[in-house]
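Good morning, and thank you for the opportunity to present. I should like to take you through three sites, one after another.

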Amino acid sequence: MSFLLLPVVAIVSPPIIVFLGLHRIKLHAIESDATMRIAMAAALLSLTAIAASYLLNLAGPRSVPLIFGAVFFLLAMSARVFGLYALRYLSERHSTCLPVIIYGAGAAGIQLAAALRQSVEARPVLFVDDNPNLHKVVVAGLEVRAPGELRHLINKYGVARVLLAIPSLSDKKRNDLFARLTKLPVEVQVLPSFIDLMSGRSLETSLRTVSPDELLGRDMVELDTPEIAKAYAGRVVMVTGAGGSIGSELCRQLINCNPAAIVLFEQSEYALYAINGELSEMAAQARIPVITRLGSVTNRARVVRVVTGDNVDIILHAAAYKHVPLVEDNEVEGASNNVIGTKIVADVADEVGIERFILVSTDKAVRPTNIMGATKRMAELVVQDIQTRAPQTRYAMVRFGNVLGSSGSVLPLFQKQIAAGGPVTVTHPDVTRFFMTIPEAARLVLLAGAYATGGDVFVLDMGKPQKIVDIAKRMIELSGRELKDPDTGKGDIAIEITGLRPGEKLYEELLITDDLSTTPHPKILRAEEIPLSEIQVASLLRATEAAIANGDAAALRAIVRDRVEGYHLPTHESASA
């Protein structure tokens with residue numbers, strides 16, 4: 001008679017399942033509530049079977065209904081979990097979703113991962129978290145890795161976007177972390193704070209950020225060529241200013257060139273610590289030694305010890321004071337670092353007989369209107385002069401425009417101002433600049449080293465210059481905000497014109513003359529410029545060294561005014577003078 005138990009349970013099961021809503025549980029939403037409902041269904045079915053067996057006085061072990069309930073629960077849960085993972089595997093295998101890494105394995109990160117799994121646009125592949133106790137732990141089905149592995153993980157999984165999901169961070173810490181993440185070759189988006197979410201801002205709008213290439217006004221220049229790897233493979237490469245925006249990117253890209261070693265030369269202890277920490281794991285995986293050396297380029301004895309002691313073959317000279325207003329107020333130190341520092345490193349390169357020396361210069365060196373640009377032009381002249389007496393070393397200079405994403409550039413400044421609710425400050429409505437990305441700038445420096453024949457000045461074809469005010473408008477729009485109309489007051493972010501700063505040009509130039517020659521790369525040109533004579537450069541250096549030794553800013557400005565060809569005050573300063 002025990003066979004009567006089967007139809008009884010079969011008749012009672014559908015009402016119980018419908019009552020508890022088991023048929024409405026979504027496959028991707030197996031959480032505590034759903035598990036509880038399945039457990040309740042199993043318990044009710046067991047009780048029903050026990051009651052039926054007593055009422056019908058059925059023979060058989062009394063444990064059978066309990067075993068039946070346990071088996072029902074296990075099969076119901078197993079079927080759903082298996083189906084969930086099967087569908088996830090199939091969707092990921094054939095998916096075109098953008099792979100993303102979530103920075104932050106806390107509650108916000110877990111919720112974001114769950115939401116993205118239902119998205120057709122993005123697919124989370126990993127968590128990254130600062131907490132070492134979480135490293136290598138699987139959270140919400142994703143492995144948690146250390147921040148130091150980010151660059152390697154981005155390359156390994158083809159990640160194009162990193163989502164910062166730590167809403168509890170203070171503004172300062174979030175901005176600092178965001179600044180570090182934007183140095184990676186990915187877009188970085190920030191999960192809004194709970195205050196932003198409560199204020200009604202949508203998640204998609206709050207996450208929208210601007211990548212540097214969106215602001216170029218042109219396509220990024222493809223600079224990957226076999227000449228780069230050939231030029232640096234097996235060499236010991238020293239990067240001065242290794243902790244700066246360009247210097248640090250040079251170090252990152254050098255890892256892929258298989259050098260014998262990379263020497264990081266930097267006067268800032270913190271900057272050296274930061275870039276060494278970032279490179280250590282990547283370099284270890286590539287089996288490339290990274291050597292850290294504290295020191296200033298103005299300390300000749302230290303430069304000699306490092307270059308000779310570490311057997312340097314190539315020097316990439318990125319160390320410089322580059323912020324126009326700061327150098328304008330500290331002109332003597334600017335000249336000491338930019339001019340004398342360059343001469344010291346270039347002289348040592350000649351004395352030791354290294355293979356190549358590449359100077360990172362700027363478009364502000366062309367007909368300069370400020371001390372920073374003038375000192376960089378003087379550095380170019382010094383390097384060209386040394387080349388005439390150093391046939392064993394190939395010297396070259398690389399001149400490029402504003403680097404988007406570097407410290408002091410408009411991208412981090414405007415991002416910070418937009419995040420704060422504005423206004424976005426622009427010095428003049430007509431000011432224009434040439435723009436390039438940090439990877440483009442670093443790649444151009446490496447290519448210059450590969451193409452150098454001696455005394456070369458390389459420039460990148462960067463298209464037409466962009467108006468800064470147009471960049472500001474584009475960033476506001478791309479950030480998901482609305483430009484405020486000054487007449488009606490409608491919109492989110494206003495643009496404020498603050499006036500040109502001391503020494504600032506309305507527009508920049510890349511060439512002193514129009515005499516250009518080609519290189520193996522169609523977008524890289526070699527400027528043919530006439531250098532000063534050895535006597536002229538020696539006289540210029542003597543006067544500059546005397547002004548620096550005496551701390552005489554007025555004398556230094558007189559030297560720049562009288563001896564740097566093309567130097568002039570900007571129109572707005574000339575008028576006020």
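I begin with S361, which counts as buried because its relative accessibility is 4%; buried means under 20% relative accessible area, exposed over 50%, and partly exposed in between, with a 1.4 Å probe and protein chains only. A word on the basis of these values: this is a predicted model, in which local features need pLDDT of at least 70 and side-chain atom pairs count only at pLDDT 80 or more, while totals for chains, interfaces and linings use all residues. Residues are numbered from 1 along each chain as its sequence is written, and side-chain values use heavy atoms, with hydrogens and water left out.

S361 belongs to strand β11, residues 356–362; strands are DSSP runs of E with at least two residues, helices are runs of H or I with at least four, and both are numbered from the N terminus. Which residues does S361 contact, leaving aside its neighbours within four places in sequence? They are K376, E380, V398, R399 and F400, where contact means heavy atoms within 4.5 Å.

The second site is R526, in strand β21, residues 524–527. R526 also counts as buried, because its relative accessibility is 13%. Its side chain makes a polar contact with the side chain of D456 at 2.7 Å, that is, a pair of N or O atoms within 3.5 Å; within protein, one must be able to donate a hydrogen and the other to accept it, and residues adjacent in sequence count only if both atoms are side-chain atoms. The R526 side chain also reaches the backbone oxygen of Y451, at 3.2 Å.

Finally, L75 lies in helix α3, residues 64–93. L75 counts as exposed, because its relative accessibility is 57%. Thank you.
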